[in-house]
Amino acid sequence: MRVSVVIPTYNEAQSIGRVLADIPGMVEEVLVVDSDSSDGTAAIAQKMGARVLREPRRGYGRACLTGLAAVTAPDVVVFLDGDYSDRPAEMPILLDPLRAASADIVIGSRLAGARTPGALPWHAVFGNRLAAGLITFFSGVHLTDLGPFRAARYDALIGLGLQESTYGWPVEMIVKGARRGLRIVEVTVSYHARLGSSKISGTFRGSVGAAWGILSAFVKYQFLDAASARDGAV
């Protein structure tokens, strides 16, 4: 099974070296998609053997899409953050259901697993539980979290026509995948305090922006897109 890893980064010089050092040996390629970091993140990643892609357009989904478009014919693509809050050594946990052909998309749940104190603020926990609960209720996919550590079959991802450039990108993936009958499963992963300052959950503005991106994407892909698809089929 050919595995490509996509890591979005922005000023992760304190952590990217540790992330790359812990990538398991079964991985074929690692792509670091850097949003014009000013702290040398890209240079560190390149020195450690990652393929670095510059993506000046901001947006978590945009970085993931840029990486997805550049991978070299993998069977599976893994996404994780570059701040060392996800532990790359746990990647086999996500890959096992794909290797066993029992899943198409695998989401790593931070909320079902062990978290170090302060790794995920209460408002981030609440927001993720709310979004996961809405997806579970309306899409029928049982989730407890929308964690950033996830893996999926490459052909399944390409077939979804993903386009979301914001933090709503995981929601688009799950909702569209559920609608098309993809097998989406959740596994338990650990979560740790990030190295360096948080650009999202550690700030009020970042938290609100991420929450808005997630919830608006849910409404868009769960209801508006579904309604458009039904109208088009009439």
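Helices, as named here, are DSSP runs of H or I with at least four residues, numbered from the N terminus. The model is predicted.

**Exercise 1. Place Phe223 and state whether it is buried, partly exposed or exposed.**

Step 1. Find the element. Phe223 sits in helix H8.

Step 2. Apply the cut-offs. Buried means under 20% relative accessible area, and exposed means over 50%.

Step 3. Classify. Phe223 has 36% relative accessibility, so Phe223 is partly exposed.

Step 4. Look at the surroundings. Phe223 belongs to a nonpolar surface patch of about 510 Å². The other members are Phe137, Phe138, Val219 and Leu224.

Step 5. Assign the patch to elements. Helix H5 (122-139) and helix H8 (204-233) each provide at least two of its residues. H8 contributes the most, with three.

**Exercise 2. Summarise the chain: which elements does it have, and how much of it is buried?**

Step 1. Count the elements. There are eight helices and seven strands.

Step 2. Take the burial. The chain has 234 residues, and 50% of them count as buried.

Step 3. Take the surface. The accessible surface is about 10,400 Å². Carbon and sulfur atoms hold 57% of that surface.

Step 4. Check the contact range. Consider contacts in the chain with a separation of 6 or more. Of these, 74% join residues 24 or more positions apart.

**Exercise 3. Work out which residues of helix H4 are buried and why they count as lying on the same side.**

Step 1. List them. In H4 (residues 91-99), the buried residues are Met91, Leu94, Leu95, Pro97 and Leu98.

Step 2. Use the arc. These residues span only 155° around the axis, so they lie on the same side of H4.

Step 3. Recall the helix geometry. An α-helix has 3.6 residues a turn, so positions three or four apart point the same way.

Step 4. Identify the cover. Six strands are included in what covers the buried residues of H4:
- strand S1 (3-9) and strand S2 (27-34)
- strand S4 (76-79) and strand S5 (105-109)
- strand S6 (150-153) and strand S7 (184-188)

Step 5. Inspect the end. Ala101 follows H4 and has a positive phi, near 60°.

**Exercise 4. Describe the setting of Val6 in strand S1.**

Step 1. Check the accessibility. Val6 has 0% relative accessibility, so Val6 is buried.

Step 2. Take a distance. Val6 and Val33 are 27 residues apart along the chain, with their C-alpha atoms separated by 7.1 Å.

Step 3. Gather the contacts, leaving out neighbours within four places in sequence. Val6 meets Leu31, Val33, Ala63, Cys64, Gly67 and Leu68 among others. Also in contact with Val6 are Val71, Val77, Val78, Phe79 and Leu80.

**Exercise 5. Determine how many residues of helix H7 are buried, and which ones.**

Step 1. Count. H7 (residues 169-179) has eleven residues, and nine of them are buried.

Step 2. Name them. They are Trp169, Pro170, Val171, Glu172, Met173, Ile174, Val175, Lys176 and Gly177.

Step 3. Follow the chain. Gly181, just after H7, has a positive phi of about 80°.

**Exercise 6. Locate Tyr154 and find which residues it touches.**

Step 1. Place it. Tyr154 is in helix H6 (residues 154-160).

Step 2. Classify. Tyr154 is partly exposed, because its relative accessibility is 23%.

Step 3. Compare sequence and space. Tyr154 and Asp75 are 79 residues apart in sequence, yet 5.5 Å apart from C-alpha to C-alpha.

Step 4. List the contacts, not counting residues up to four places away in sequence. Tyr154 touches Leu68, Val71, Pro74, Asp75, Val76 and Val77.

Conventions: Residues numbered from 1 in each chain as written. Predicted model: local features only at pLDDT ≥ 70, side-chain atom pairs only at ≥ 80, totals over all residues. Heavy atoms only, no water. Patch = residues over 30% accessible without salt bridge, like charges linked within 9 Å, V, L, I, M, F, W, Y side chains within 5 Å. Areas by Shrake-Rupley, 256 points an atom, 1.4 Å probe, with all protein chains shown as cover. Salt bridge = Lys/Arg side-chain N within 4 Å of Asp/Glu carboxyl O. Buried < 20%, exposed > 50% of the residue type's maximum accessible area, 1.4 Å probe, protein only. Contact = heavy atoms within 4.5 Å. Arc of directions from axis to C-beta.
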